[in-house]
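Trainee: I should like to examine this structure with you, one question at a time. Please reason each answer through to the value or name requested.

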Number of protein chains: 4
Amino acid sequence: MFTTETQIRVRYAETDQMGVVYHGNYIPYFESSRAEAIRELGYTYSDMEKMGIIMPVVDVHCHYLRPAKYDDLLTVKTILKELPIHHKIEFHHEVYNEANELLVTGKIILYFMEANRMKRTTMPLPILEKLQPYFN
Amino acid sequence: MFTTETQIRVRYAETDQMGVVYHGNYIPYFESSRAEAIRELGYTYSDMEKMGIIMPVVDVHCHYLRPAKYDDLLTVKTILKELPIHHKIEFHHEVYNEANELLVTGKIILYFMEANRMKRTTMPLPILEKLQPYFN
Amino acid sequence: MFTTETQIRVRYAETDQMGVVYHGNYIPYFESSRAEAIRELGYTYSDMEKMGIIMPVVDVHCHYLRPAKYDDLLTVKTILKELPIHHKIEFHHEVYNEANELLVTGKIILYFMEANRMKRTTMPLPILEKLQPYFN
Amino acid sequence: MFTTETQIRVRYAETDQMGVVYHGNYIPYFESSRAEAIRELGYTYSDMEKMGIIMPVVDVHCHYLRPAKYDDLLTVKTILKELPIHHKIEFHHEVYNEANELLVTGKIILYFMEANRMKRTTMPLPILEKLQPYFN
């Protein structure tokens with residue numbers, strides 16, 4: 001298992017008139033946290049795009065337990081439970097507030113695609129090799 | 001079954017550097033389409049909030065089949081397959097482009113809550129009565 | 001003078017915890033209204049990008065008089081007071097609510113740029129010719 | 001003069017199909033940076049709202065010099081050149097990339113308002129006292 005944590009401060013722009021974070025705004029939080037997860041492996045998602053690989057999101061599932069509020073300092077966990085198989089990678093996310101209450105969970109499936117041919121491909125080998133030690 | 005359709009024009013702000021609509025931006029499209037569905041019944045979500053009822057989203061599931069592009073005129077369907085049971089209502093969404101290709105599907109679960117006590121409640125009766133004829 | 005009007009329904013996602021439209025969200029409203037203005041001339045901003053011309057925004061000025069609320073049906077005016085000179089075009093915007101109250105004004109300056117060389121250019125001639133009759 | 005700096009990592013959601021940060025997305029960056037400026041004085045904007053004071057934005061001016069890219073680590077400066085006079089406060093913002101190039105400048109005017117009466121008021125005294133030493 002490979003797990004990372006990112007801290008995100010809730011912006012006013014991200015609240016809605018219910019006085020909480022708008023439910024759609026967790027999706028950029030998840031994305032931001034996945035970017036930090038890749039960075040921790042010594043790469044960036046930009047590197048991947050430069051290698052000619054894009055990662056479109058094909059499935060999103062969010063479950064909302066408690067609301068986040070303006071200015072909350074959230075901890076967003078990114079969890080990779082399995083090495084990516086073929087063209088598919090599945091991330092799990094968990095969002096906690098400062099009281100360590102679980103607010104939201106997410107499961108995101110992305111594909112590895114060759115940008116120029118729009119064909120499914122696999123995770124670039126150098127990144128896969130960085131991940132392998134976490135899965136023994 | 002109760003079904004409505006809304007048309008939404010993709011904004012530049014809603015695209016990302018992959019040249020398509022950012023995956024998180026379908027969530028406001030769904031929300032916008034649900035608002036039109038309620039309006040078609042002769043009410044607005046604002047009316048509901050004035051009655052003291054809010055509808056937090058508790059679960060979102062989106063599945064992405066094809067990308068939407070800048071300036072596409074999307075048709076967003078809102079489908080209510082069952083009358084809301086107790087405090088829970090489940091909407092299905094489908095997004096089509098002008099070529100009538102299915103781009104994205106969504107399933108959203110919301111709760112009816114009393115805003116001041118934050119207790120679960122049920123759909124306001126006058127709105128439920130408007131819906132009933134669609135479910136015989 | 002060339003003037004167009006677009007109607008925009010406020011989304012829940014666009015409100016903030018002050019119970020009004022977040023001040024930054026008028027910028028996509030303006031953008032959306034400019035897109036409709038170009039469409040009224042028989043072109044789209046996408047056509048322009050296909051001609052190899054992009055229009056980055058170089059200056060934005062918004063002034064806020066009254067708040068817009070959730071579900072308001074706004075009228076967003078786009079006003080072109082002068083034919084674009086050289087590489088520069090200046091749009092004025094006005095946002096009204098259903099009571100015809102002026103809520104927000106905006107002034108946006110964009111440049112015409114050749115996308116591949118990133119050099120300043122001028123408005124494509126066929127669009128300029130469509131605009132000319134409004135400025136006599 | 002009171003100056004603070006905040007670091008903001010550009011999200012994929014914040015880019016558009018031009019491959020750069022969408023021009024409207026600097027406004028939440030500025031907001032985020034102002035929140036950190038207040039925090040540096042030992043308060044939060046939430047504290048202010050709890051004191052019954054809200055700060056609607058009344059004027060925004062952004063000038064764009066160079067684009068920010070996905071995953072850039074931006075430095076957003078908040079500069080207060082003068083102590084707030086009466087109900088009005090004016091912030092200046094500057095956005096730099098990692099090469100220390102100036103990308104965007106902003107000037108934002110906000111009002112201090114009593115939330116329940118919607119009357120103009122002044123900066124709460126305890127915060128004003130924290131600011132005073134920077135203006136001698």
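Trainee: Is Met118(C) buried or exposed?
Mentor: The model is a predicted one, and the class is assigned by counting neighbours. A residue with 12 or fewer other C-beta atoms within 10 Å is classed as exposed. Met118(C) has 9 such atoms within 10 Å, and therefore its class is exposed.

Trainee: Where in chain C does Met118(C) lie, and what is its phi?
Mentor: Met118(C) belongs to the loop between strand 7 (113-114) and strand 8 (119-120) of chain C. Most residues other than glycine have a negative phi. Met118(C) is not a glycine, yet its phi is positive, near 50°.

Trainee: What are the loop, the phi and the exposure class of Met118(B)?
Mentor: In chain B, Met118(B) is in the loop between strand 7 (113-114) and strand 8 (119-120). Although Met118(B) is not a glycine, its phi is positive, at about 50°. With 9 other C-beta atoms within 10 Å, Met118(B) is classed as exposed.

Trainee: How is chain A related to chain B by superposition?
Mentor: A turn of 180° with a shift of 0.0 Å along the axis lays chain A on chain B, at an RMSD of 0.0 Å. The two copies are thus related as by a two-fold rotation axis.

Trainee: Which residue of chain A comes closest to the rotation axis?
Mentor: The distance is taken from the C-alpha atom to the axis. At 2.2 Å, the residue of chain A that comes closest is His61(A).

Trainee: How many residues of chain A are in contact with chain B, and which element gives the largest share?
Mentor: The contact involves 15 residues of chain A and 15 residues of chain B. On the side of chain A, helix 1 and strand 3 are the elements that give two or more residues. The largest share, eight residues, comes from strand 3 of chain A.

Trainee: Into which classes do the residues on that side of chain A fall, and why do the copies meet through the same surface?
Mentor: The side of chain A that touches chain B has ten nonpolar, four polar and one charged residues. Of the interface residues of chain A, 100% are also interface residues in chain B, so the two copies meet through the same surface.

Trainee: Which residues stand opposite Asp59(A) and Cys62(A) in strand 3 of chain B?
Mentor: Strand 3 (residues 57-64) of chain A and strand 3 (residues 57-64) of chain B run antiparallel and are joined by five bridges. The bridge partner of Asp59(A) is His63(B). Opposite Cys62(A) stands Val60(B).

Trainee: Within chain B, what is the bridge partner of Val60(B) in strand 6?
Mentor: Strand 3 of chain B is joined by seven bridges to strand 6 (residues 102-111) of chain B, and the two run antiparallel. In strand 6, the partner of Val60(B) is Ile108(B).

Trainee: How many residues of chain A are in contact with chain C, and how do they divide by class?
Mentor: Nine residues of chain A are in contact with nine residues of chain C. On the side of chain A, they divide into four nonpolar, four polar and one charged.

Trainee: Which residue of chain D does Thr44(A) touch?
Mentor: Thr44(A) is in the loop between helix 1 (26-40) and helix 2 (45-50) of chain A. With 15 C-beta neighbours inside 10 Å, Thr44(A) counts as partly exposed. Leaving aside residues up to four places away in sequence, Thr44(A) touches Ile38(A), Arg39(A) and, in chain D, Asp71(D).

Note on methods:
Residues numbered from 1 in each chain as written. Chains lettered and ligands numbered in written order. Predicted model: local features only at pLDDT ≥ 70, side-chain atom pairs only at ≥ 80, totals over all residues. Pairing = 2+ DSSP bridges. Helix = DSSP H or I, 4+ residues; strand = E, 2+ residues; numbered from the N terminus. Contact = placed C-beta atoms within 7 Å. Nonpolar A, V, L, I, M, F, W, Y, C, P; charged D, E, K, R; others polar. Buried ≥ 20, exposed ≤ 12 C-beta atoms within 10 Å, placed from the backbone. Least-squares fit on C-alpha atoms with pLDDT ≥ 70 in both.
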